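Please open the model in your viewer and keep the sequence panel beside it, so that each selection can be followed in both places.

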Amino acid sequence: MGEHALLDALLSVNTSRARVLLAAHPGLALEQGPSGFGCLHAAALVDAHRLVAPLAAAGLSPDQQIEPLNGPAAFSLRSFLRDHSKLPASKLCAVFRGGL
């Protein structure tokens, strides 16, 4: 297993691998990448909406995941998650991708 196994699986849109990793190691939901970019953010970026709820349940809430993000590259995602963190998981990614 790599240093950022769950993040890598999510960002490569390997949702089956991500599910296996999350089931076997729920603590991986707390993985942090550069600038505090976490697994919930990765799931939103790749439209893996079925994984947003399990990630939030196993790790930090969306509100808590916003705080560690920093740097100009993270501004849009931080704003998005702050504005839409109360949405149901099934709608979170659709809004992020402009689907609603």
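**A tour by selection**

Begin with V20 and A23 in this predicted model: both are exposed residues, carried on the face of helix 2 that is turned away from its buried side. Next, extend the selection to the whole of helix 2, residues 15-24, where A18, L21 and L22 are buried. If you look down the axis of helix 2, these buried residues fall within an arc of 95 degrees, and they therefore line one face of the helix.

Now colour the chain by pLDDT. Helix 2 has the highest mean value among the elements of the chain, at 92, whereas helix 7, residues 89-96, has the lowest, at 62. Over the chain the average pLDDT is 75, and 63% of the residues score at least 70. Where pLDDT is low, the predicted coordinates should not be read in detail.

Then select H41, which you will find in helix 3, residues 39-45. Is H41 buried or exposed? H41 counts as buried because its relative accessibility is 0%. Display the side chain of H41 together with the backbone of G38, and you can follow the side chain to the backbone nitrogen of G38, which it reaches at 2.7 Å.

Finally, move to E3, in the segment that comes before helix 1 (5-11). With a relative accessibility of 70%, E3 counts as exposed. Add G33 to the selection: although E3 and G33 are 30 residues apart along the chain, their C-alpha atoms are separated by 9.7 Å.

Key: Residues are numbered from 1 along each chain as its sequence is written. This is a predicted model: local features need pLDDT of at least 70, side-chain atom pairs count only at pLDDT 80 or more; totals for chains, interfaces and linings use all residues. Side-chain values use heavy atoms; hydrogens and water are left out. Helices (H or I, at least four residues) and strands (E, at least two) are DSSP runs, numbered from the N terminus. Buried means under 20% relative accessible area, exposed over 50%, partly exposed in between (1.4 Å probe, protein chains only). A polar contact is a pair of N or O atoms within 3.5 Å; within protein, one must be able to donate a hydrogen and the other to accept it, and residues adjacent in sequence count only if both atoms are side-chain atoms. The arc is that of the directions from the helix axis to the C-beta atoms. pLDDT is the predictor's confidence in each residue, from 0 to 100.
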